[in-house]
Amino acid sequence: REFAIVKEIKNDGIFVIPMLTMACLKCKTGCLRQGKPFRVKNSAQFSIKSGTAVRIGLPRFARAFHGLLSLFVPISFAVFGFFIAPAAVEILPLSILKSLSEESARAVFVLGFLAFSTLVTFIVSRSSIHFSTPEIISIM
């Protein structure tokens, strides 16, 4: 989510709760559907306090790195599958692989490695694993 509300400011960081909808800005009653609090940086040194609505995001370098990673990891796995296919057909004890031509085996391994790496990339991008800390971009 792009927008969040500052929950608390501590010595070890600023903790925010993601806003699920823009209606959260005007809500005064509180919500049972609050997101999980997480830490953000205030590199621009905005003057904030608890309850302030902020816009958050990753630094440009981190966004570019994540984009390149999600593009090149699946491609490199597919290339790896292409080159490992002949050796893997000989090593693996699956009779169905031995009946395939070399080109067919390469195609199976390319698609298999591509599907596996895409699945791993998807799971990591949806998990709570973060390689960089989001930062406050502006105050709402």
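## Strand pairing in the sheet

Strands E1 and E4 run antiparallel and are joined by 3 bridges. Within this pair, Ile5 of E1 faces Ala53 in E4. The model described here is predicted. Its sheet is open and has 5 strands, in the order E3-E2-E1-E4-E5, with antiparallel pairing. E3 (38–40) and E5 (135–139) are the edge strands; each has a single partner strand, so one side of each has no neighbour in the sheet. From one strand to the next, the twist averages 55°.

On one side of the order, E1 pairs with E2 in the antiparallel sense over 6 bridges. These two strands form a hairpin, with 2 residues between them. Two of the residue pairs can be named: Ile9 stands opposite Ile14 in E2, and Glu8 has Phe15 of E2 as its bridge partner. E2 also pairs with E3, antiparallel and over 3 bridges, and here Ile14 stands opposite Val40 in E3. Ile14 thus has a residue opposite it in the E1 pairing and another in the E3 pairing.

At the other end of the order, E4 (residues 53–57) and E5 are paired in the antiparallel sense over 4 bridges. Val54 has Ile139 in E5 as its bridge partner.

## Strand E2

How many of the residues of E2 are buried? The count is 6 of the 6, so E2 is largely enclosed by the rest of the structure. In a regular strand, side chains alternate between the two faces of the sheet. Both faces of E2 are covered. Gly13, Phe15 and Ile17 are buried on one side, and Ile14, Val16 and Pro18 are buried on the other.

## The nonpolar cores

The largest nonpolar core has 9 residues: Ala4, Val6, Ile14, Val16, Val40, Ile48, Val54, Ile56 and Ile136. Strands E1 (3–10), E2 (13–18) and E4 are the elements that give two or more residues to this core. A second core, separate from that one, has 6 residues, including Ala85, Val89, Leu97 and Phe109.

Ile136 belongs to the largest core. Leaving out residues up to four places away in sequence, Ile136 touches Ile14, Val40, Lys41, Asn42, Phe46, Ile48, Val54, Arg55 and Ile56. Several of these are members of that core as well, among them Ile14, Val40, Ile48, Val54 and Ile56.

## Packing of H1 and H3

Two packed helices are described by the angle between their axes and the distance between the axes. For helix H1 (residues 60–91) and H3, the angle is about 145° and the axes are 7 Å apart. H1 passes H3 in a right-handed crossing. The residues of this contact comprise 18 nonpolar, 5 polar and 2 charged.

Val110 lies in helix H3 (residues 102–126). Which residues does Val110 contact, leaving aside its neighbours within four places in sequence? They are Ala78, Gly81 and Phe82. Val110 and Gly81 are 29 residues apart in sequence, while their C-alpha atoms are 4.7 Å apart in space.

## The loop residue Gln45

Gln45 lies in the loop between E3 and E4. Is Gln45 buried or exposed? Its relative accessibility is 63%, so Gln45 counts as exposed; the cut-off for exposed is over 50%. Gln45 also has a positive phi, near 55°, in a residue other than glycine.

## The chain as a whole

The protein has 3 helices and 5 strands. Along the sequence they follow the pattern β-β-β-β-α-α-α-β. Strand E5, which ends this pattern, is an edge strand of the sheet and pairs with E4.

Of the 140 residues in the protein, 22% are buried. Among contacts in the protein with a separation of 6 or more, 65% are between residues 24 or more positions apart. The contact of Val110 with Gly81 is one example, with the 29 residues of sequence separation given above.

Technical notes
Residues numbered from 1 in each chain as written. Predicted model: local features only at pLDDT ≥ 70, side-chain atom pairs only at ≥ 80, totals over all residues. Heavy atoms only, no water. Pairing = 2+ DSSP bridges. Axes fitted to C-alpha atoms, helices over the stretch in contact; angles between N-to-C directions. Core = buried A, V, L, I, M, F, W, Y, C linked by side-chain atoms within 4.5 Å. Buried < 20%, exposed > 50% of the residue type's maximum accessible area, 1.4 Å probe, protein only. Contact = heavy atoms within 4.5 Å. Left-handed = near helix turned anticlockwise from the far one by under 90°. Nonpolar A, V, L, I, M, F, W, Y, C, P; charged D, E, K, R; others polar.
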